[in-house]
Amino acid sequence: MSNLEFLSQRRRHQSPLAGSFFAPMDHSGVSLVQTLASLSEDLIRSHRAPSHLHRKHARSLVCKVKILLSLFQYLSESSSGFLPRWFPISATLCFRELYILIYRAKMLLDYCENSARLWLVLKSEQISGNFRDLNQELATILDVLPIEGLRLSADVRDQVELLCTNCGKLNSRLDPEKEAQELRTMINEFLDEFARGEAPESQKLRGFLVKRLGISSGLACRSEVEFLEEQIYNQEEDADLSLLGGTVALARYCRFSLFSIDSLNKLPQPDTPSWGERWNRRMLSWSGSDSSSFAVPKDFCCPISLDLMRDPVVVSTGQTYDRASIIQWMDEGHSTCPNSGQLLSDSRLIPNRALRSLISLWCSVFGVPYESGEVTDGSAETIAAACSSKAAITANMETAQILVGQLADGSDEAKGLAARELRLLAKTGKQNRAYIAEIGAIPLLSTLLSSSDPVTQENSVTALLNLSIYDTNKQLIMEEEGCLSLITEVLKHGWSIEGRENAAATLFSLSVVHDYKKRILSEPGAVESLARLLKKGTPRGRKDAVMALFNLSTHPESWVEMLESGAAVALAHALTNELVSEEAAGALALISKQPAVAHAVAGVESTVPSLIKIMKRGSPKGKENAVAALQEICRKCGPVVTQRVARTPGLGGLVQGIVLTGTKRARRKATVLIKILQWWCGEMTVVVPSMLMMDNSTVMDQSQLVEPSRVLRPSPNLGSGDLTINQPVAISVPVP
């Protein structure tokens with residue numbers, strides 16, 4: 001194996017440099033050298049004064065790139081003179097490898113510059129290894145670079161040869177391992193104190209955080225927490241999630257114990273930008289110097305569609321594509337990687353969450369609408385699992401005490417910020433939810449629901465939502481005087497759509513308990529507002545509204561309020577929306593047992609076609625809900641609706657399919673639906689499997705049908721199949 005082949009194999013297993021990298025194949029000769037010079041200048045300009053833990057490694061790497069830049073500039077400038085515009089093939093290969101190396105060096109430097117300081121401490125050994133690997137790869141490339149064939153000046157040649165010599169030497173003075181080990185020891189000591197139920201001394205925490213790490217503001221602490229939580233969610237294979245979760249809890253505690261809560265929303269000084277601000281600057285440098293004119297960074301575009309990736313995933317070769325594009329590629333029969341041409345060893349698609357976060361951040365900087373295609377509901381559970389150690393739980397309890405104290409006695413601004421942080425803390429882990437409620441947060445959050453500040457109101461109702469996930473807290477919320485009315489008021493007239501949606505989600509959470517359904521139904525405007533949100537809300541808001549209405553519909557007296565408030569008709573219209581149609585069908589199946597509701601629902605023109613569409617394409621549960629709703633509508637509305645249903649092309653095959661393959665409840669409802677169709681359709685013979693013949697175990701209550709006169713039995717000469725128009729075999733039956 002050649003040196004260059006060795007490099008290409010080796011780099012596949014490096015992090016944060018994991019993945020395959022390719023040099024621009026459309027460049028060669030002088031244009032390739034000029035591209036290298038431009039890339040090197042960008043790296044040097046972006047990293048003039050690194051200040052993070054690995055600053056010595058970073059400065060050494062930047063110095064090496066400066067020497068390479070002098071080489072590229074010399075070759076570029078002299079190409080118009082005695083040098084030809086081509087280079088030996090071996091030199092071109094080396095230049096392409098240098099392009100990949102410099103590009104990866106820039107990624108590593110960006111990674112260090114924009115990572116959390118605590119993360120660099122925890123991952124110090126791995127990151128130092130990345131710097132050493134780049135150094136060794138540079139030595140290998142320079143070793144095979146045909147310097148003689150490049151006709152370099154003596155000065156440039158001496159610099160390159162000296163660089164080659166220095167790269168071959170291991171300089172242990174660059175490694176920050178001694179400092180990193182001291183810092184890791186301090187982190188473990190702090191966590192040990194929390195594990196014993198004690199909070200570390202503020203003076204020691206300040207010396208560690210401010211003096212040793214340079215984290216000198218509450219906003220900087222917030223950036224540390226956000227970055228570390230993202231790493232937990234990414235779940236690197238070699239990550240110690242328990243240590244990482246404890247470090248998150250430690251950083252969050254430091255944020256509120258060391259810094260004044262009133263100063264946490266103040267902008268940081270220009271010389272101490274937050275993690276998010278540093279990324280904002282990096283985003284601007286990637287897209288151009290002017291935020292009014294920008295192009296999507298190439299790294300954020302799918303190599304197949306060339307569009308901004310919404311759900312980036314990694315295939316077996318290490319390449320990243322947008323999920324929809326690579327799935328379409330594989331569905332068309334391709335078995336190779338579009339970018340590299342390598343054979344795909346399997347069809348697994350691994351979410352590239354780190355890239356997704358960068359894309360989302362870039363979009364927020366430039367105001368580009370962005371909704372990730374990936375479902376990330378599991379992130380809270382992942383973080384909660386990582387923060388389940390005794391040390392993390394104790395640290396979070398100490399933080400919660402500080403925040404609840406601010407809710408009680410702080411300024412209006414402090415109360416708003418405390419509500420936001422309690423919202424985030426209550427999002428992860430039942431221990432957090434239980435303790436926050438235990439120390440009296442619910443009454444204080446309830447009073448903030450009437451705040452005139454939209455952000456405070458939204459954070460307060462969302463904090464209550466997150467607390468309500470813990471069953472014991474549901475009772476505390478419902479027993480708090482006026483709390484349910486205030487939640488309903490936010491649902492009706494909340495300042496922001498997010499606040500109204502989260503109020504609906506809170507009612508959904510509370511309505512899980514059967515004893516609370518009647519109270520919610522009786523709350524003035526609650527059901528009506530849910531219906532309005534179902535009709536006009538965002539996709540997430542409609543989902544919350546339909547789930548709340550579904551829960552409430554299980555109460556036997558719910559149909560009255562559903563009918564009077566317009567919720568029944570809203571549910572019927574919602575059947576046309578695939579996002580909420582199955583839950584809407586489930587609610588309609590329950591409340592349509594009342595004739596008045598059934599007639600109102602049947603009066604919506606789209607009801608029957610939508611239910612039949614769900615029976616065709618829905619999930620097993622969706623099909624069950626749809627056939628149950630259709631059966632109730634036909635049972636209560638009589639021949640007019642039933643005959644309209646029976647005339648639907650292909651209905652028999654649909655019903656038969658549900659009878660044979662549906663859930664137990666779906667099969668039972670489909671059987672009853674067939675019998676209703678037999679009862680009312682005077683000119684239709686219903687051909688069904690013999691297993692569905694009327695028997696004593698499934699006799700319908702004929703008194704529930706309007707003016708019955710005769711029933712049609714399956715023709716004994718026909719096999720199981722579709723509902724067919726035929727000469728009926730009819731018999732007279734007595735009218736009950």
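**Exercise 1. A glutamate in helix α23**

Find which residues E501 touches, not counting residues up to four places away in sequence.

*Solution.* Start with the contact list: once residues up to four places away in sequence are set aside, E501 touches L533, T538, R540, G541 and D544. Keep in mind that you're working with a predicted model here. Next, place the residue: E501 belongs to helix α23, which covers residues 497–510. Then check a C-alpha distance: E501 and L530 are 29 residues apart along the chain, and their C-alpha atoms are separated by 9.3 Å. Last, is E501 buried or exposed? Its relative accessible area is 3%, and the cut-off for buried is under 20%, so E501 is buried.

**Exercise 2. An alanine in helix α32**

Work out the surroundings of A626, and decide whether A626 is buried or exposed.

*Solution.* First, the address: A626 sits in helix α32, residues 620–637. Second, the accessibility: A626 comes out at 0%, so this alanine counts as buried. Third, the partners: ignoring neighbours within four places in sequence, A626 is in contact with A585, L611, I614 and M615. Finally, look back along the chain to A584, 42 residues apart from A626, where the two C-alpha atoms are separated by 9.0 Å.

**Exercise 3. Aromatic pairs**

How many aromatic pairs does the model hold, and how are the rings of F72 and F95 arranged?

*Solution.* The count is 5 aromatic pairs. Take F72 and F95 to begin with: the centres are 6.5 Å apart, and the planes make an angle of 80°. Planes over 60 degrees apart count as edge-to-face, and that's the class this pair falls in. Now see where the two rings come from: F72 is in helix α3 (residues 55–78) and F95 is in helix α4 (residues 89–114), so the pair, 23 residues apart, links distant parts of the chain. F72 and F95 are both buried.

Now try Y99 and Y103. Their ring centres are 6.5 Å apart, but the planes are at 10°, so this pair is stacked. Both tyrosines lie in helix α4, 4 residues apart, or about one turn of the helix. As for accessibility, Y99 has a relative accessible area of 17%, so Y99 is buried.

**Exercise 4. Helix α11 and its two partners**

Classify how α11 packs with α9 and with α17, and name the residues that make each contact.

*Solution.* Begin with α9 (residues 202–212) and α11 (residues 241–258): the axes are 11 Å apart and the packing angle is about 110°. Angles of 65 to 115 degrees count as roughly perpendicular, so that's how α9 and α11 are classed. The crossing of α9 past α11 is left-handed. On the α9 side the contact is made by S202, L205, R206 and L209, and on the α11 side by L250, Y253, C254 and L258. R206 has another partner to note: its charged end sits over the ring of F259, 6.0 Å from the ring centre.

Move on to α17 (residues 412–426). Here the axes of α11 and α17 are 13 Å apart, at an angle of about 165°. Over 145 degrees counts as roughly antiparallel, so α11 and α17 get that label. Once again the crossing is left-handed. R252, R255 and F256 of α11 meet L417, R420, E421 and L425 of α17.

**Exercise 5. Helices α20 and α21**

At what angle do α20 and α21 cross, and what class does that give?

*Solution.* Helix α20 spans residues 454–468 and helix α21 spans residues 471–479; their axes come within 7 Å and cross at roughly 135°. The pair is therefore oblique. For the contact itself, L464, L467 and S468 in α20 meet D471, N473, K474 and I477 in α21.

**Exercise 6. A positive phi**

Where is L306 found, and what is its phi?

*Solution.* L306 is in the loop between α12 (275–287) and β1 (312–314). Its phi is near 65°, a positive value in a residue other than glycine. For background, most residues other than glycine have a negative phi. With 64% relative accessibility, L306 counts as exposed.

**Exercise 7. The whole chain**

What share of the chain is buried, and what is its secondary structure?

*Solution.* The chain has 736 residues, and buried residues make up 51% of them. Its secondary structure comes to 35 helices and 7 strands. For contacts with a separation of 6 or more, residues 24 or more positions apart account for 71%.

Conventions:
Residues numbered from 1 in each chain as written. Predicted model: local features only at pLDDT ≥ 70, side-chain atom pairs only at ≥ 80, totals over all residues. Heavy atoms only, no water. Phe/Tyr/Trp six-rings, centres within 6.5 Å; stacked < 30°, edge-to-face > 60°. Helix = DSSP H or I, 4+ residues; strand = E, 2+ residues; numbered from the N terminus. Buried < 20%, exposed > 50% of the residue type's maximum accessible area, 1.4 Å probe, protein only. Lys NZ or Arg CZ within 6 Å of the ring centre and 35° of its normal. Axes fitted to C-alpha atoms, helices over the stretch in contact; angles between N-to-C directions. Parallel < 35°, antiparallel > 145°, perpendicular 65-115°, else oblique. Left-handed = near helix turned anticlockwise from the far one by under 90°. Contact = heavy atoms within 4.5 Å.
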